[in-house]
Amino acid sequence: MSRRIYIDFLGKKNIFFAISGVLIAVSIAALIFKGLVFGIEFQGGTVMTLKTKPGVTAEQVRTALQKAGVPDARNATIQTTQDGSWLVRTAESDSQKAEEAFLKVVDELSLPKQDVTVTTIGPGWGRSVTRSALTALTISILAILLYISVRFEYKMSVTAVLALVHDALIVLGIYAVSGREVTPNTIAALLTILGYSLYDTIVVFHRIRENTRTLTKQTFTEAANDSINQVLARWVNTSLTSIIPVTALFFFGGETLKDFAFALLVGMISGAYSSVGVASNIYAIWKESEPRYQALRKKQAQKAAKKAS
Amino acid sequence: MDDKSKNVLALGIVLVLVALSWWAFWPLDKKISQGLDLRGGLSVILTAEPAPGQPLTEDMMNRAETILTERVNALGVSEASVQRSGADALLVQIPGIKDSREALKTLGSTGRLDFVDARSITATDVALEYGAVLPEGAYPESAIIVTGANVKSAGVTVDQSNRPAVSLDFDKQGADAWAKYTTANVGQAIVITLDGVVQSVATIRQPITDGKTMISGTFTAEEAKRLAAVLQAGALPVKLTPSSTQIVGPTLGQESLKQGLLAGLAGFGLVALFMLVYYRGFGLLSWFSLASYLSLLFGIIALLSRAGAYSLSLPGVAGLVLTVGLAADSSILIFERFKEEVRMGKTFRSAAKSGTRHALITSLNADLVTLVSAIAIFIFAIGPVKGFALTLALGIVCDLFVAFLFTRSAVMLLAESVVHKAPALFGVKGGQDV
């Protein structure tokens with residue numbers, strides 16, 4: 001074992017807690033003071049993508065919107081995307097009107113009609129999307145809690161879920177800080193992170209349970225720390241192979257998928273970190289407070305003292 | 001059966017299934033149906049809004065679904081679909097549609113057709129002509145002579161001056177009422193309204209006793225077709241409002257698909273490279289695991305596609321890319337555990353047997369947790385996210401299958417032969433002879 005790397009992860013818990021504490025504090029502060037920018041899916045409105053054409057400026061698009069009778073053309077946001085399109089957002093939530101306005105704009109600027117998307121969301125839709133996402137989130141977390149409690153123990157499931165909440169908060173925090181728009185894709189990504197972030201945690205917990213079944217010569221924390229080190233390569237590599245495809249998605253996946261990949265990327269990195277930094281540390285502290293592990297620790301300390309004298 | 005023959009059998013089963021999958025999904029673009037966000041078209045989610053105080057029943061939704069299906073079919077587009085989406089919404093998908101405005105009008109209208117005595121219309125400030133919008137309550141119920149509910153069939157035709165018109169055939173009750181009224185009121189003007197919009201103003205020239213009549217006006221052929229479609233299908237039992245509408249141009253969708261696939265290939269390539277560099281011989285083995293995994297997944301997707309239960313959407317592509325990482329994860333767990341047990345001094349054979357078993361239990365637990373959240377998303381989330389969750393869930397199932405039958409068996413077979421002879425090629429250190 002000596003030639004392999006051995007890191008005292010659990011001994012450095014204060015560093016982990018400090019990092020996580022700062023990240024979470026910043027996230028919560030950003031969520032409170034800056035807030036999230038919600039996409040049209042949550043408040044109703046229209047997003048159009050139009051292929052750009054040489055010589056046509058964003059201002060011309062805005063003028064065309066005004067001519068087409070879009071009520072808030074002045075406040076419409078017009079962005080240019082990397083793949084040469086305009087992303088136009090307006091508050092129009094009537095699909096027929098949005099479609100008519102869009103046709104007028106395309107005619108006015110003689111843009112290709114082939115390369116477009118028009119998405120219109122009615123005002124009530126956001127509520128049902130949010131409600132269904134929250135239901136999915138709640139049910140997921142409950143199911144995960146139940147599954148881990150049955151397969152392992154409830155202390156593992158509570159700490160695993162704490163790590164999840166940690167990851168979700170950080171993802172949302174980064175959205176608030178960067179001002180990126182929260183879309184249903186973001187919500188889907190968040191829900192997926194639940195599963196992925198748990199993957200590493202389960203791998204680590206599995207080993208901890210295996211190593212602490214008949215514990216006599218080590219304290220719980222020592223055994224847990226050994227476990228983390230034993231699965232270190234697994235932890236790093238499984239995280240890498242999950243992060244690699246998502247990174248590819250972020251760089252090559254085009255506008256829609258990029259949005260999705262961003263949330264996933266942040267969540268996965270946070271998830272990989274939190275399975276050791278948060279979940280394992282809290283779990284070890286919690287287990288150490290159990291009488292039998294307290295006794296074990298006392299015994300180990302006495303032994304060490306005897307050896308020293 | 002001893003372990004060796006069991007493993008050979010398992011590999012054989014996977015091989016056969018992979019071959020079957022290829023047969024099922026090749027050529028990909030023909031066998032896997034694409035969602036509208038990829039091939040272009042109109043996609044609308046219509047949410048039911050019952051009148052105040054009126055509960056929304058399952059029966060109303062089923063009826064609305066049938067009516068919408070008829071209307072969509074009457075538009076003359078192929079491969080259109082109407083699906084239930086949650087308790088109070090319907091998802092309508094019309095691929096490659098040219099006139100999305102007409103389609104939106106057809107889908108959205110409630111379809112209440114009234115034949116009204118012109119004298120009874122109280123809204124005096126509205127000019128009675130085609131397209132005029134009458135305010136609610138512009139005429140009393142008693143002024144309605146017949147309604148769309150009495151229409152047995154409707155079709156497109158032309159009137160005497162060769163303009164597009166809609167022909168109607170009333171049922172027995174409608175024909176009687178129509179005959180009685182037209183006999184008594186020759187020379188009188190009647191107004192035909194659809195959802196409060198005037199379709200036609202006509203004067204009764206002679207009694208109509210055979211229950212056949214024609215609505216002619218100044219509408220275009222397209223509009224006549226739409227009106228006929230709405231009348232033929234009947235009125236909706238509940239008001240449907242579009243809550244999410246997406247129109248995707250055909251080339252843009254294909255571009256997104258290309259980008260998604262490029263990202264998938266890049267991700268797959270990089271993961272494969274990483275596996276080879278880190279795990280060497282086992283990395284090579286993981287290529288076969290990944291290839292079998294993708295084959296099986298595509299095979300299942302193709303079968304579901306054929307049954308109409310799956311179409312690949314952009315979020316689905318994201319799901320596909322993601323599961324590549326997931327599939328690599330289970331190989332990693334197996335290889336690492338094997339190497340660890342060899343390091344601890346076990347023989348190659350017993351390390352392969354117990355190591356892969358332990359790794360699979362870990363993998364199973366970790367995968368099942370992801371599966372749980374994928375299923376929860378699939379059941380409770382609405383909209384495009386569903387396609388993502390379904391792809392993810394299918395991926396997890398395929399991954400477990402391949403890890404269990406293919407990767408595990410292959411490691412056990414290789415451990416006794418190649419790995420034992422040249423452990424360095426597989427990055428294995430230590431261990432005892434078999």
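Contacts of T219(A) with residues beyond four places in sequence are a good place to begin in this predicted model, and they are made with E288(A), L296(A), R297(A) and Q300(A). T219(A) itself belongs to a loop of chain A, the one that runs between α7 (184–211) and α8 (220–230). Although T219(A) is found in a loop, its relative accessibility is 8%, and because buried means under 20%, T219(A) counts as buried.

From this residue of chain A we can turn to chain B as a whole, whose secondary structure consists of twelve helices and eleven strands. The radius of gyration of chain B is 32 Å, whereas the globule rule gives 22 Å for 434 residues, a value that the chain is well over, so chain B is more spread out than a compact globule. The extent of its C-alpha trace can also be given along the principal axes, where the trace of chain B spans about 105 × 45 × 40 Å.

Within chain B, buried residues account for 54% of the 434 residues. Among the contacts in chain B with a separation of 6 or more, 74% are between residues that stand 24 or more positions apart in the chain.

The outside of chain B can be described in a similar way: its accessible surface comes to about 18,600 Å², and carbon and sulfur atoms contribute 61% of that area. As for charge, chain B carries 36 positive and 36 negative side chains, and a distance of 9 Å lies between the centres of the two sets.

Conventions
Residues are numbered from 1 along each chain as its sequence is written. Chains are lettered from A and ligands numbered from 1 in the order in which they are written. This is a predicted model: local features need pLDDT of at least 70, side-chain atom pairs count only at pLDDT 80 or more; totals for chains, interfaces and linings use all residues. Side-chain values use heavy atoms; hydrogens and water are left out. Helices (H or I, at least four residues) and strands (E, at least two) are DSSP runs, numbered from the N terminus. The radius of gyration is taken over C-alpha atoms; the globule rule is 2.2 Å times the number of residues to the power 0.38. Buried means under 20% relative accessible area, exposed over 50%, partly exposed in between (1.4 Å probe, protein chains only). Contact means heavy atoms within 4.5 Å. Accessible areas come from the Shrake-Rupley method with a 1.4 Å probe; for residues, only the protein chains shown count as cover. Lys and Arg count as positive and Asp and Glu as negative; His and the chain ends are not counted. The place of a charge is taken as NZ of Lys, CZ of Arg, CG of Asp or CD of Glu.
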